[in-house]
Amino acid sequence: LGLGSPVGVIGVVYTRPVSAWRSRLGVEAGAGLGLSGLQLSGMGKLRLGGKHWRFTPGIGLALGVPMGPESTFHEGHPTPDSDEHGPSVVMRWLDIDVVGVEYRGSSRLVFAASAGLTVALNHAHWDIGDVGSDINAGAPTPQLRIGLGRTF
(Lines give C-alpha, C1' and ligand atoms only; values in the text may rest on other atoms or scores of the structure.)
Protein backbone atom coordinates (compact mmCIF):
# COMPACT_ATOMS: atom_id res chain seq x y z
CA LEU A 1 0.00 0.00 0.00
CA GLY A 2 1.36 3.40 -0.75
CA LEU A 3 0.91 7.10 -1.28
CA GLY A 4 2.86 8.40 -4.30
CA SER A 5 4.78 5.11 -4.23
CA PRO A 6 6.57 3.43 -7.14
CA VAL A 7 3.76 0.84 -7.40
CA GLY A 8 0.86 3.22 -6.82
CA VAL A 9 -1.82 2.96 -4.17
CA ILE A 10 -1.81 -0.83 -4.19
CA GLY A 11 0.70 -3.17 -5.77
CA VAL A 12 3.10 -6.06 -5.46
CA VAL A 13 6.91 -6.15 -5.44
CA TYR A 14 9.51 -8.88 -5.72
CA THR A 15 12.95 -8.26 -4.22
CA ARG A 16 15.99 -10.37 -4.99
CA PRO A 17 19.61 -10.18 -3.76
CA VAL A 18 22.03 -9.74 -6.67
CA SER A 19 25.49 -9.34 -5.20
CA ALA A 20 28.17 -11.69 -4.01
CA TRP A 21 27.61 -10.09 -0.62
CA ARG A 22 24.08 -11.51 -0.95
CA SER A 23 22.51 -9.38 1.76
CA ARG A 24 23.99 -6.02 0.71
CA LEU A 25 22.54 -5.25 -2.74
CA GLY A 26 19.23 -6.19 -4.27
CA VAL A 27 16.83 -5.39 -7.07
CA GLU A 28 13.12 -4.86 -6.75
CA ALA A 29 10.53 -5.16 -9.52
CA GLY A 30 6.92 -4.17 -8.97
CA ALA A 31 3.55 -3.45 -10.51
CA GLY A 32 0.44 -1.80 -9.16
CA LEU A 33 -2.41 0.61 -9.69
CA GLY A 34 -2.31 4.30 -8.88
CA LEU A 35 -3.25 7.73 -10.13
CA SER A 36 -0.92 7.26 -13.11
CA GLY A 37 -2.76 4.08 -14.12
CA LEU A 38 -0.83 0.82 -14.29
CA GLN A 39 2.46 1.51 -12.53
CA LEU A 40 5.59 -0.52 -13.30
CA SER A 41 8.69 -0.08 -11.17
CA GLY A 42 12.32 -1.19 -11.00
CA MET A 43 14.58 -0.21 -8.11
CA GLY A 44 18.06 -0.95 -6.78
CA LYS A 45 18.10 -1.47 -3.02
CA LEU A 46 20.85 -1.33 -0.43
CA ARG A 47 20.22 -3.90 2.31
CA LEU A 48 22.17 -3.23 5.50
CA GLY A 49 21.62 -4.98 8.80
CA GLY A 50 21.25 -8.31 10.45
CA LYS A 51 19.22 -11.45 9.99
CA HIS A 52 15.88 -9.90 10.97
CA TRP A 53 16.10 -6.08 10.68
CA ARG A 54 17.53 -4.25 7.67
CA PHE A 55 17.88 -0.65 6.55
CA THR A 56 16.74 -0.58 2.88
CA PRO A 57 17.20 2.71 1.00
CA GLY A 58 16.85 2.54 -2.78
CA ILE A 59 16.61 4.37 -6.07
CA GLY A 60 14.79 3.46 -9.27
CA LEU A 61 12.47 4.33 -12.12
CA ALA A 62 8.74 3.85 -12.59
CA LEU A 63 6.28 4.24 -15.44
CA GLY A 64 2.62 5.18 -15.05
CA VAL A 65 0.74 3.79 -18.05
CA PRO A 66 -2.77 5.25 -18.57
CA MET A 67 -5.65 2.80 -18.37
CA GLY A 68 -8.55 3.96 -20.52
CA PRO A 69 -9.47 7.45 -21.66
CA GLU A 70 -10.02 8.87 -18.16
CA SER A 71 -6.40 8.97 -17.01
CA THR A 72 -5.51 11.36 -14.20
CA PHE A 73 -2.48 12.70 -16.12
CA HIS A 74 -2.91 14.26 -19.55
CA GLU A 75 -1.67 16.98 -21.89
CA GLY A 76 -3.16 20.46 -21.66
CA HIS A 77 -5.74 22.14 -19.48
CA PRO A 78 -9.50 21.77 -19.71
CA THR A 79 -11.23 24.93 -20.92
CA PRO A 80 -13.42 26.77 -18.39
CA ASP A 81 -16.65 25.80 -20.21
CA SER A 82 -15.66 22.19 -20.94
CA ASP A 83 -14.12 19.17 -19.25
CA GLU A 84 -12.22 18.31 -22.44
CA HIS A 85 -8.46 17.93 -22.08
CA GLY A 86 -5.59 16.56 -24.12
CA PRO A 87 -4.58 12.92 -24.54
CA SER A 88 -3.43 10.77 -21.63
CA VAL A 89 0.27 10.88 -20.77
CA VAL A 90 2.62 8.04 -19.84
CA MET A 91 4.25 9.35 -16.67
CA ARG A 92 7.91 8.68 -15.93
CA TRP A 93 9.09 8.89 -12.33
CA LEU A 94 12.39 8.78 -10.45
CA ASP A 95 11.78 7.15 -7.07
CA ILE A 96 14.08 7.53 -4.08
CA ASP A 97 13.48 5.54 -0.89
CA VAL A 98 15.44 7.76 1.51
CA VAL A 99 14.48 5.79 4.62
CA GLY A 100 13.46 2.16 4.38
CA VAL A 101 13.25 -0.63 6.91
CA GLU A 102 12.53 -4.33 6.51
CA TYR A 103 11.80 -7.01 9.12
CA ARG A 104 12.16 -10.68 8.19
CA GLY A 105 10.78 -12.97 10.85
CA SER A 106 11.79 -16.57 11.47
CA SER A 107 8.35 -17.63 10.17
CA ARG A 108 9.34 -16.09 6.76
CA LEU A 109 6.97 -13.15 7.27
CA VAL A 110 8.30 -9.85 5.88
CA PHE A 111 7.23 -6.34 6.89
CA ALA A 112 8.65 -3.40 4.91
CA ALA A 113 8.14 0.36 5.10
CA SER A 114 9.81 3.23 3.28
CA ALA A 115 9.54 6.97 2.81
CA GLY A 116 11.20 9.24 0.33
CA LEU A 117 10.61 11.25 -2.82
CA THR A 118 9.16 10.65 -6.24
CA VAL A 119 10.21 13.07 -8.97
CA ALA A 120 8.27 13.53 -12.21
CA LEU A 121 10.49 13.16 -15.27
CA ASN A 122 7.98 14.69 -17.69
CA HIS A 123 5.36 17.44 -17.67
CA ALA A 124 1.62 16.77 -17.45
CA HIS A 125 -1.62 18.18 -16.12
CA TRP A 126 -3.57 16.18 -13.57
CA ASP A 127 -7.27 16.27 -12.74
CA ILE A 128 -9.24 14.49 -10.05
CA GLY A 129 -12.83 15.60 -10.07
CA ASP A 130 -12.89 19.40 -10.08
CA VAL A 131 -9.34 19.71 -8.73
CA GLY A 132 -6.26 19.82 -10.95
CA SER A 133 -2.88 21.38 -11.56
CA ASP A 134 0.32 21.05 -13.55
CA ILE A 135 3.09 18.71 -12.56
CA ASN A 136 6.46 19.82 -13.89
CA ALA A 137 9.46 17.67 -14.72
CA GLY A 138 11.84 17.72 -11.75
CA ALA A 139 9.10 18.49 -9.21
CA PRO A 140 9.59 16.30 -6.10
CA THR A 141 6.64 14.83 -4.22
CA PRO A 142 6.77 12.87 -0.94
CA GLN A 143 6.08 9.16 -1.15
CA LEU A 144 5.36 6.49 1.46
CA ARG A 145 4.68 2.78 1.29
CA ILE A 146 4.20 -0.18 3.61
CA GLY A 147 3.93 -3.83 2.79
CA LEU A 148 3.56 -7.34 4.14
CA GLY A 149 4.96 -10.36 2.41
CA ARG A 150 6.66 -13.70 2.63
CA THR A 151 10.14 -14.99 1.78
CA PHE A 152 10.59 -17.97 -0.52
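Leaving aside neighbours within four places in sequence, with which residues is Ile135 in contact? In this predicted model, the contacts of Ile135 are Phe73, Met91, Trp93, Ala120, Asn122, His123, Ala124 and Trp126. Ile135 also belongs to the largest nonpolar core, which has eight residues in all. The other members of this core are Ala62, Phe73, Val89, Met91, Trp93, Ala120 and Ala124.

The chain holds 13 strands and zero helices, and its elements from the N terminus on accordingly read β-β-β-β-β-β-β-β-β-β-β-β-β. Of its 152 residues, 32% count as buried. Among contacts with a separation of 6 or more, 54% are between residues 24 or more positions apart. The accessible surface of the chain is about 8,800 Å², and carbon and sulfur atoms account for 67% of that area.

Several residues of the core and of the Ile135 environment can be placed in an open sheet. This sheet has three strands in the order β8-β11-β12, with antiparallel pairing. Strands β8 (73-74) and β12 (131-135) stand at the edges; each has a single partner strand, so one side of each lacks a neighbour in the sheet. The antiparallel pair of β8 and β11 (residues 124-128) is joined by two bridges. Within this pair, Phe73 is opposite Trp126 of β11. Both Phe73 and Trp126 are also among the contacts of Ile135.

A further set of antiparallel pairings involves β2, β3 and β4. Strands β2 (10-17) and β3 (25-34) pair over eight bridges in the antiparallel sense. Strand β3 is in turn joined to β4 (residues 37-46) by 10 bridges, and these two strands also run antiparallel. The connection from β3 to β4 is a hairpin through two residues. Ala29 takes part in both pairings: in β3, Ala29 is the bridge partner of Tyr14, and in β4, the bridge partner of Ala29 is Gly42.

Arg24 is located in the loop between β2 and β3. With a relative accessible area of 33%, Arg24 is partly exposed, because this value falls between the limits of 20% for buried and 50% for exposed residues. Beyond residues up to four places away in sequence, Arg24 touches Ser19, Lys45, Leu46, Arg47, Leu48 and Gly49. Gly49 lies 25 residues from Arg24 along the chain, and the C-alpha atoms of the two are separated by 8.5 Å.

His52 likewise occupies a loop, the one between β5 (48-49) and β6 (53-55). At 27% relative accessibility, His52 counts as partly exposed. When residues up to four places away in sequence are not counted, His52 touches Glu102, Tyr103, Arg104, Gly105 and Ser106. The C-alpha atoms of His52 and Gly105 are 6.0 Å apart, with their positions 53 residues apart in sequence.

Two of the residues touched by His52, Glu102 and Arg104, also line the largest pocket. This pocket has a volume of about 870 Å³. Its lining comprises 33 residues, of which Val13, Thr15, Glu102, Arg104 and Val110 lie nearest the centre. Strands β2, β9 (91-104), β10 (109-120) and β13 (140-150) each supply at least two lining residues. The largest share, seven residues, comes from β2.

Note on methods
Residues numbered from 1 in each chain as written. Predicted model: local features only at pLDDT ≥ 70, side-chain atom pairs only at ≥ 80, totals over all residues. Heavy atoms only, no water. Helix = DSSP H or I, 4+ residues; strand = E, 2+ residues; numbered from the N terminus. Buried < 20%, exposed > 50% of the residue type's maximum accessible area, 1.4 Å probe, protein only. Contact = heavy atoms within 4.5 Å. Pairing = 2+ DSSP bridges. Areas by Shrake-Rupley, 256 points an atom, 1.4 Å probe, with all protein chains shown as cover. Core = buried A, V, L, I, M, F, W, Y, C linked by side-chain atoms within 4.5 Å. 1 Å grid on protein atoms, 1.4 Å probe; cavity = no way out; pocket = protein on both sides within 12 Å on 5 of 7 lines; lining within 4 Å. Points joined across faces, edges and corners; volume = space filled by probe spheres on them.
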